[in-house]
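Visitor: I would like to learn how to read salt bridges and cores in a model. Can we work through a case together?

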Amino acid sequence: MPDIKHFNPEIVLDEAIQVFWRHGLPTTGIQALVSATGVSRSSLYATFGNKDGLYAAALDRYIAQHSTPAFAHLAQASAGLTSIEEFFAGLIEVRCSGPVAGWGCMVTNAYAGPECADTGIRTLLEDHHHMLQSAMRAALTNAADLGQLQPSCDLDASAAVLATLAYGVNLRSRAGADAQTLTDTVAAALAPLRAPLTPQEQPPQ
């Protein structure tokens, strides 16, 4: 197997992400990581310290590859509630179909597992949550500017609710919830935030 000088750590992390994302930290043995990465145990430990260090590096890379771009797109979008609906639609599609369907989210899985007790992991999770909630807040601010929200809507509280809903989608999809059920749940959560339709927007009778 390659020694420490002859492998690309980023490629190794991409392979480790797949294992940790699907199986979590507690049930993943070092041999599974050796098999997935093609790198010896001694080289993995020399580079990442131990299995926990490899997991932390993989989680950090997962957030950079998957979460940060999605949150940045949501925060910069200009369609208000439609942008939030599109965010959740994309999330549900990934969670319920395709090669990683049923895996949930590596971040949400970490929150639900014992790994979140680690101080370094907890910091990554809390930073991720702040990014998610801030992106929801920005999208809701845009929605308010577009006149899409109820005048009484508390933007901070609503952003916290929607961020929590995203974790719920991740967990429920991992438990087998289907896409339509999750989509209906998102629609129900957004409905109370919407401003009433004007007479001009009312559908014809």
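Visitor: About how many helical turns separate Arg 122 and Glu 126 in helix α7?

Guide: Keep in mind that this model is predicted. Arg 122 and Glu 126 are four residues apart in helix α7, so about one helical turn separates them. They form a salt bridge, with the closest N and O atoms 3.8 Å apart. Arg 122 has a relative accessible area of 35%. For Glu 126 the value is 37%. Buried means under 20% and exposed over 50%, so values in between count as partly exposed.

Visitor: Which salt bridges link distant parts of the chain?

Guide: The count is four salt bridges. Among them, Arg 61 pairs with Asp 14, at 2.6 Å between the closest N and O atoms. Arg 61 sits in helix α4 and Asp 14 in helix α1, 47 residues apart. Asp 14 is partly exposed, at 26% relative accessibility. Arg 194 pairs with Glu 85, at 2.2 Å. Here the partners are 109 residues apart: Arg 194 lies in the segment after α9, Glu 85 in helix α5.

Visitor: Now the interior. Which residues touch the most other members of the largest nonpolar core?

Guide: The general idea comes first. In soluble globular proteins, nonpolar side chains tend to be buried together. In this case, the largest core has 31 residues, and Phe 20, Leu 44, Leu 59 and Met 106 touch the most other members. Helix α1 gives the largest share, seven residues.

Visitor: What does Leu 44 touch, leaving aside residues up to four places away in sequence?

Guide: Its contacts include Val 12, Ile 30, Leu 33 and Leu 54. A second, separate core has 29 residues, including Leu 91 and Leu 140.

Key:
Residues numbered from 1 in each chain as written. Predicted model: local features only at pLDDT ≥ 70, side-chain atom pairs only at ≥ 80, totals over all residues. Heavy atoms only, no water. Core = buried A, V, L, I, M, F, W, Y, C linked by side-chain atoms within 4.5 Å. Buried < 20%, exposed > 50% of the residue type's maximum accessible area, 1.4 Å probe, protein only. Helix = DSSP H or I, 4+ residues; strand = E, 2+ residues; numbered from the N terminus. Contact = heavy atoms within 4.5 Å. Salt bridge = Lys/Arg side-chain N within 4 Å of Asp/Glu carboxyl O.
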